[in-house]
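Subject: Structure for you to look at

Hi,

Here is the structure I promised to pass on. Have a look at it first, and then read my notes underneath.

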Amino acid sequence: MSKIINDKSLEKIKVFRKNLLKIAMWVFVGGVITGALLIIFGGSDTGEVMTKIMATLFLVAIVLAVASNLVRRIEEDNTTIQVFAIIGLCSVLIAAIFWIFCIWEAYPVYRNSIALDYHPLYIVLLIATYLAMFGFLASNIFAIKEYDGNGAIKPLKITAIVSLSYVELYAIYASIISNKIGDDEIATRLTLLSGFAGTIWVISSIIALVISRGAKKRIMKGNVLAERELLEKVHKQLDNLQAAGTANTAEKSDMSESNTLTPNVSDISEEEKMRAEIEKRVRAEMMEKEIREKVEAEMKAKKNAEK
C-alpha cells in the first residue's frame, strides 16, 4: 500500500528509533540509581521529592519505549498504520508533558474539591492519554500480518479497532463530563456497552494474533519444503547438464582418436564444434548462477515479508 512518509525520511526515522530504546533503558536505570542514592543520602524530608523524581524518570522511560514502538509502526508500508502511529506519537508526547506537570503539582487534579470536578488541564491530560493509547493499540492491532490471505484476520482486526474506538471515545466523554454521569438508564447502557466493547477488543486482538502466528508457521513450513524441492530441481538440472557435457566430451574424444588414423576433411569444423561445446558449458554455468541467484532472492524476499 502507499505511504504518507517518503523513503528518505523513513531512513532517518529508523536511525532515530534505534536510539530510543537505549535511551529509555538508561533513563530507567538512572531512575533506579537516583532513588537508591536519595534513600541512602537523603534526609527525612526528601521522601516526597524522591517520589516525584522517580515517577518522572519512570514516566520518561515508558514514554520513550512507547514512542520507539510507534516510530517502528510509522516505518510500515501501510498508510492506515502510519496514521494511527502518528496520532499515538503526537498524543504520547503531549500526555507526557502534562503528566510531568501533574506529578510536580503544577495544577490540581480537581478544580472543585467538593464537587470533584476535574481541572481543565487534567482533562487535557486524560484526553491526550486516551488518544495515545488508541494510537498505540490501533497501530499494533492493524500491523498484525494477514498471513491467511483474505481470511479471518482482517475482519477480526477491524472488529477490534471499532471496539477500541468506542472504548476510547467513551473514556474521553467520561473525562470531559467527569462526575456528571448520572445513574439513568442511558448512562448505564453506555457504561455497559463500553465494558462489552472492551472485552470484544481484547478477544478479537488475541484471536487475530494467534491465527496470524499459526498461519505464519504453516507458510514458513511450506516455504522450506518449496525451497527444498526447487533446490533438488536445480541440482537435477545441473547433473543432467554435466552428464550431457561428459557424454559429448567422450564422443569427441573417440572421434579424435579415429581421426588420427583418418584425418578429417576440415580442421576448421572441428574447431567450431569445440568452440560450441565451450559456449554450451559457459551457458550452463551462467544458468546455474542465475538459478541460484533467483532462489536466494526468493528466499530473502520471503524472509523480509515475514518480518
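Below is what I found, going from the whole chain down to single residues.

One thing before you start: this is a predicted model, so please read everything here with that in mind.

**The overall picture**

The chain is made of seven helices and two strands. If you walk along the sequence, the order is α-α-α-β-β-α-α-α-α, with the two strands sitting after α3 and before α4. There are 307 residues, and 31% of them count as buried. The accessible surface adds up to about 19900 Å², and carbon and sulfur atoms hold 66% of that. Contacts often link distant parts of the sequence: among those with a separation of 6 or more, 73% are between residues 24 or more positions apart.

**The cores**

Which residues have the most contacts inside the largest nonpolar core? They are Leu-89 and Val-92, in a core of 17 residues. Three helices give two or more residues to this core: α1 (7–41), α2 (47–74) and α3 (79–103). The top contributor is α2, with eight residues. If you want a place to start looking, try Leu-89: beyond its neighbours within four places in sequence, Leu-89 touches Ala-67, Leu-70, Val-71 and Ile-74. A separate core has 11 residues, including Ile-81, Phe-84, Ala-143 and Trp-201. As background, nonpolar side chains in soluble globular proteins tend to be buried together.

**Two helix pairs**

The first pair is α2 and α3. Their axes come within 9 Å and cross at roughly 170°. An angle over 145 degrees counts as roughly antiparallel, so that is how α2 and α3 run relative to each other. On the α2 side the contact includes Lys-52, Ala-55, Leu-59, Val-63 and Ala-67, while the α3 side includes Ile-81, Ala-85, Leu-89, Val-92 and Trp-99. By class, the residues of this contact are 18 nonpolar, three polar and two charged.

The second pair is α4 (residues 120–142) and α5 (residues 153–177), with axes that come within 10 Å and cross at roughly 175°. These two helices are therefore roughly antiparallel as well. Among the α4 residues in the contact are Ile-123, Ile-127, Tyr-130, Phe-134 and Phe-142; from α5, they include Lys-157, Ile-161, Leu-164, Glu-168 and Ile-176. The class count here is 17 nonpolar, two polar and two charged.

**Some single residues**

Lys-52 belongs to helix α2. Is Lys-52 buried or exposed? With a relative accessible area of 14%, Lys-52 is buried, because the cut-off for that is under 20%. Setting aside neighbours within four places in sequence, Lys-52 contacts Ile-103, Trp-104 and Glu-105.

That brings us to Glu-105, which is found in the loop between α3 and β1 (110–112). Glu-105 has a phi near 60°, a positive value in a residue other than glycine. Most residues other than glycine have a negative phi, so have a look at this spot when you go through the model. Glu-105 counts as exposed, at 54% relative accessibility.

Leu-37 is in helix α1 and is partly exposed, with a relative accessible area of 44%. Between Leu-37 and Met-50 there are 9.6 Å in space, C-alpha to C-alpha, and the two are 13 residues apart in sequence.

Tyr-173 sits in helix α5. Its relative accessible area is 40%, so Tyr-173 is partly exposed. From Tyr-173 to Ile-127, the C-alpha atoms are separated by 9.0 Å, and these residues are 46 residues apart along the chain.

Lastly, Arg-218 is part of helix α6 (residues 185–261). Arg-218 counts as exposed, with 58% relative accessibility. Arg-218 and Asp-148 are 70 residues apart along the chain, and their C-alpha atoms are separated by 9.7 Å.

Over to you, and happy browsing!

Cheers

How values were computed:
Residues numbered from 1 in each chain as written. Predicted model: local features only at pLDDT ≥ 70, side-chain atom pairs only at ≥ 80, totals over all residues. Heavy atoms only, no water. Helix = DSSP H or I, 4+ residues; strand = E, 2+ residues; numbered from the N terminus. Buried < 20%, exposed > 50% of the residue type's maximum accessible area, 1.4 Å probe, protein only. Contact = heavy atoms within 4.5 Å. Areas by Shrake-Rupley, 256 points an atom, 1.4 Å probe, with all protein chains shown as cover. Core = buried A, V, L, I, M, F, W, Y, C linked by side-chain atoms within 4.5 Å. Axes fitted to C-alpha atoms, helices over the stretch in contact; angles between N-to-C directions. Parallel < 35°, antiparallel > 145°, perpendicular 65-115°, else oblique. Nonpolar A, V, L, I, M, F, W, Y, C, P; charged D, E, K, R; others polar.
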